[in-house]
Amino acid sequence: MRALTWHGHRDVRVDTVPDPRIVDPTDVIVRVTSSGICGSDLHLYEVFGPFLDPGDILGHEPMGIVEEVGPEVRNLKVGDRVVVPFNVSCGTCWTCGQGLQSQCETTQVREYGTGASLFGYTKLYGQVPGGQAEFLRVPFGDTLPIKVGQDAPDQRYLYLSDVLPTAWQAVAYADVPPGGTVTVLGLGPIGDMAARIALHKGASKVIGVDLVPERLDRARGRGVEVLNLKEHGKELGDRVRDLTDGRGTDAVIDAVGMEAHGAPLTKAAQKIPGFLPDAVGQKMMTKAGMDSMAAFDTAVDVVRRGGTISLSGVYGGAVDPVPMFSLFDKQIQLRMGQANVWRWVEDILPLLDDADPLGVDDFATHTLPLEDAPEAYKTFQDKKDGMIKAVLTPGR
């Protein structure tokens, strides 16, 4: 089969690799019909090289058709259409029972002390082959895949794999009060969708912050009050307070994470481990790694006293300078973590089956064949061509 594989810093290629096969009796094989490129895939493209091997298959936002089922699979059959959550979770352990599929005790990567395995996302999360490929082996066939309808286009359901539950959890963790206000930092796919969900769930004001004109225009078109970081810079907090009776918003969603604008030295330092031998680079990232804290510091600034910060952007540093005094003084609540996909499926799926209040049908700005994935990664990383969300369509 054809699959997108990692080969080094900013070097991904579509290669011919062996087809996946049934390994455990509860496995299913899915023929992938659509697979998203996630903003966090760009961390693999840029930063996480020490935890990748050449040939690793990337991608964690797939859906498709069941092609083969293991002998112990009871809930799926060949021909069923499924979305595959990015968490590799068993659905039956204690943490899964608590709605914490991202911490699944069956697939935790104990070698690195991390949570549940993820499709296509480094040794830190299990080095499981990903879904930017023609076929995908999916374990836990009775409890992991999400069975969806046969009629609507792929993109009606595709974002159940990651974007929708990640954004939904970001809003839930933000704990915006009825009729309350929220600032969303970063209007990429997750921030954009989080803003839509916050409005759908009754926020009276959603303020979106970014510096890419196409992202700002798109959010404005959905009813978000947008602020251009390039225009407001260090006065952003004052501008948000001007819009909220001098207090700041009830909540802030940080959908940016480690690659925040405005910290060139930190960004350069993040790339150094990718050019070192793996053993050295791994140690540097896990013991001395540092994130750009620009987005987090902004969140602390613009949230009102007694408010909540919800982190959905990926952070990976070990020695980040967290502003503990400000967090304590402002009595800020902080929630974060990988999305627990199945925790939110029952809330989201009815919105997809009946209508399209969140605008998923036209959420993708680019739909491309799998063979164009390397160029798509470059375009997405460089924020060119108005690319906000790209979907790959594998197929022989």
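Q: If Lys and Arg count as positive and Asp and Glu as negative, with His and the chain ends not counted, how far apart are the mean positions of the positive and negative charges of the protein chain?
A: The model is a predicted one, and its protein chain carries 39 positive and 53 negative charges. Once each set of charges is reduced to its mean position, the separation between the two positions is 3 Å.

Q: What radius of gyration does the protein chain have?
A: The chain holds 14 helices and 15 strands. For its 396 residues the globule rule gives 21 Å, and the chain comes close to that value, so it is as compact as a globular protein of that length. Its C-alpha trace spans about 60 × 50 × 45 Å along the principal axes, and the radius of gyration is 20 Å.

Q: What percentage of the residues in the protein chain is buried?
A: The surface that the protein chain exposes comes to about 16300 Å², of which carbon and sulfur atoms supply 51%. A residue counts as buried when its relative accessible area is under 20%, and among the 396 residues the buried share is 57%.

Q: Of the contacts between residues at least 6 apart in sequence, what percentage joins residues at least 24 apart?
A: A contact here means heavy atoms within 4.5 Å. Among the contacts in the protein chain that bridge at least 6 positions, the share joining residues at least 24 apart is 74%.

Q: How far apart are the end C-alpha atoms of residues 25-146?
A: UniProt, in an unreviewed entry, lists this span as "domain: Alcohol dehydrogenase-like N-terminal". The span is 8% helix and 21% strand, and its end C-alpha atoms are separated by 19 Å.

Q: Is Ile146 buried or exposed?
A: Ile146 lies in strand 7, which covers residues 146-147, and its contacts, leaving aside residues up to four places away in sequence, include Leu160, Val341, Trp342 and Val345. Because its relative accessibility is 1%, Ile146 counts as buried.

Q: Which residue of strand 5 (residues 81-83) has a relative accessibility of 5% and counts as buried?
A: Ile146 touches Arg81, Val82 and Val83, among others. The C-alpha atom of one residue of strand 5 is 17 Å in space from that of Gln132, at a separation of 51 residues in sequence. At 5% relative accessibility, the residue that counts as buried is Arg81.

Q: Which residue takes a positive phi of about 55° just after helix 14?
A: Helix 14 covers residues 373-381, and its buried residues are Ala373, Ala376, Tyr377, Thr379, Phe380 and Gln381. An α-helix has 3.6 residues a turn, so residues three or four places apart point the same way. Just after this helix, the residue with the positive phi is Lys383.

Q: Is Arg10 exposed or partly exposed?
A: Arg10 sits in the loop between strand 1 (2-8) and strand 2 (11-16), and its phi is near 55°, a positive value in a residue other than glycine. Because exposed means over 50% and buried under 20%, a relative accessible area of 33% makes Arg10 partly exposed.

Q: What is the relative accessible area of Asp175?
A: Asp175 is placed in the loop between helix 4 (163-174) and strand 8 (181-185). Although Asp175 is not a glycine, its phi is positive, at about 55°. Asp175 is exposed, and its relative accessible area is 54%.

Methods. Residues are numbered from 1 along each chain as its sequence is written. This is a predicted model: local features need pLDDT of at least 70, side-chain atom pairs count only at pLDDT 80 or more; totals for chains, interfaces and linings use all residues. Side-chain values use heavy atoms; hydrogens and water are left out. Helices (H or I, at least four residues) and strands (E, at least two) are DSSP runs, numbered from the N terminus. The radius of gyration is taken over C-alpha atoms; the globule rule is 2.2 Å times the number of residues to the power 0.38. Buried means under 20% relative accessible area, exposed over 50%, partly exposed in between (1.4 Å probe, protein chains only). Accessible areas come from the Shrake-Rupley method with a 1.4 Å probe; for residues, only the protein chains shown count as cover. Lys and Arg count as positive and Asp and Glu as negative; His and the chain ends are not counted. The place of a charge is taken as NZ of Lys, CZ of Arg, CG of Asp or CD of Glu. UniProt positions are given in the numbering used here, feature names are shortened, and annotations may be inferred rather than shown by experiment.
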